[in-house]
Amino acid sequence: MLESWGDEQPVKGFYSIRQPAVRPLANSRQAEDILLWLAATAGKNMPFSDYRAYLKKEWKRVYDVLGTNVSYDVFYQGFLRRGHIGKLVGEPVSPLKDIKPHLKSKKQN
């Protein structure tokens with residue numbers, strides 16, 4: 001997670017972006033880049049060089065919906081700097097359900 005890109009919507013109307021906190025520590029790729037690579041090697045036309053490029057293109061849709069007064073590049077750079085966009089006025093996240101009934105207990109002999 002410290003080396004990868006991503007985005008989340010924890011509650012309706014509030015979006016955040018995850019940016020790498022450190023440079024890659026090993027010669028590895030994040031899972032999303034591997035999935036894009038697999039699709040490309042399977043002959044699927046992939047218009048993205050990596051997952052970061054995919055995220056930037058997807059955020060263009062949010063920009064278009066918001067209809068802001070600034071250019072997309074200014075919007076995107078501001079989003080990266082702040083790390084989030086939106087207001088916390090959406091629906092709260094539902095609480096986690098009790099999972100105990102779904103866990104199998106191991107009987108000790």
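## Where two helices meet

Let's start with a contact between helices: Lys56, Trp59, Lys60, Val62, Tyr63 and Leu66 of α2 touch Tyr72, Asp73, Phe75, Tyr76 and Phe79 of α3. Sorted by character, the residues of this contact come out as eight nonpolar, three charged and no polar. Please keep in mind that you are looking at a predicted model.

Two packed helices can be described by the angle between their axes and by the distance between those axes. Here, α2 covers residues 51-66 and α3 covers residues 72-82, and they pack at an angle of about 110° with their axes 10 Å apart. Angles of 65 to 115 degrees count as roughly perpendicular, so α2 is roughly perpendicular to α3.

## The three-stranded sheet

Next comes the sheet, which is open and has three strands in the order β1-β2-β3, paired in the antiparallel sense. At its edges are β1 (6-11) and β3 (84-86), each of which pairs on one side only. On average, neighbouring strands of the sheet are turned by 20° against each other, direction ignored.

If you follow the pairing strand by strand, β1 and β2 are joined in the antiparallel sense over four bridges. Gly6 stands opposite Arg18 of β2. The hairpin of β1 and β2 has two residues between the strands, and in this hairpin Gly13 takes a positive phi near 90°. On to the other pair: β2 (residues 14-18) and β3 are antiparallel as well, over three bridges. Tyr15 has Ile85 in β3 as its bridge partner.

## How α2 sits on the sheet

Helix α2 brings these two parts of the picture together. Besides packing with α3, α2 (residues 51-66) lies across β1, β2 and β3. Relative to β1, α2 runs at about 45°.

## The largest pocket

Finally, a look at empty space. Rolling a probe the size of a water molecule over the atoms shows where such space is left. In this model, the largest pocket holds about 250 Å³ of space.

Which residues lie nearest the centre of the largest pocket? They are Glu3, Ser28, Arg29, Gln30 and Asp33, out of 13 residues that line the pocket. The lining of the largest pocket divides into five charged, five nonpolar and three polar residues.

Note on methods:
Residues numbered from 1 in each chain as written. Predicted model: local features only at pLDDT ≥ 70, side-chain atom pairs only at ≥ 80, totals over all residues. Heavy atoms only, no water. Pairing = 2+ DSSP bridges. Axes fitted to C-alpha atoms, helices over the stretch in contact; angles between N-to-C directions. Contact = heavy atoms within 4.5 Å. Parallel < 35°, antiparallel > 145°, perpendicular 65-115°, else oblique. Nonpolar A, V, L, I, M, F, W, Y, C, P; charged D, E, K, R; others polar. 1 Å grid on protein atoms, 1.4 Å probe; cavity = no way out; pocket = protein on both sides within 12 Å on 5 of 7 lines; lining within 4 Å. Points joined across faces, edges and corners; volume = space filled by probe spheres on them.
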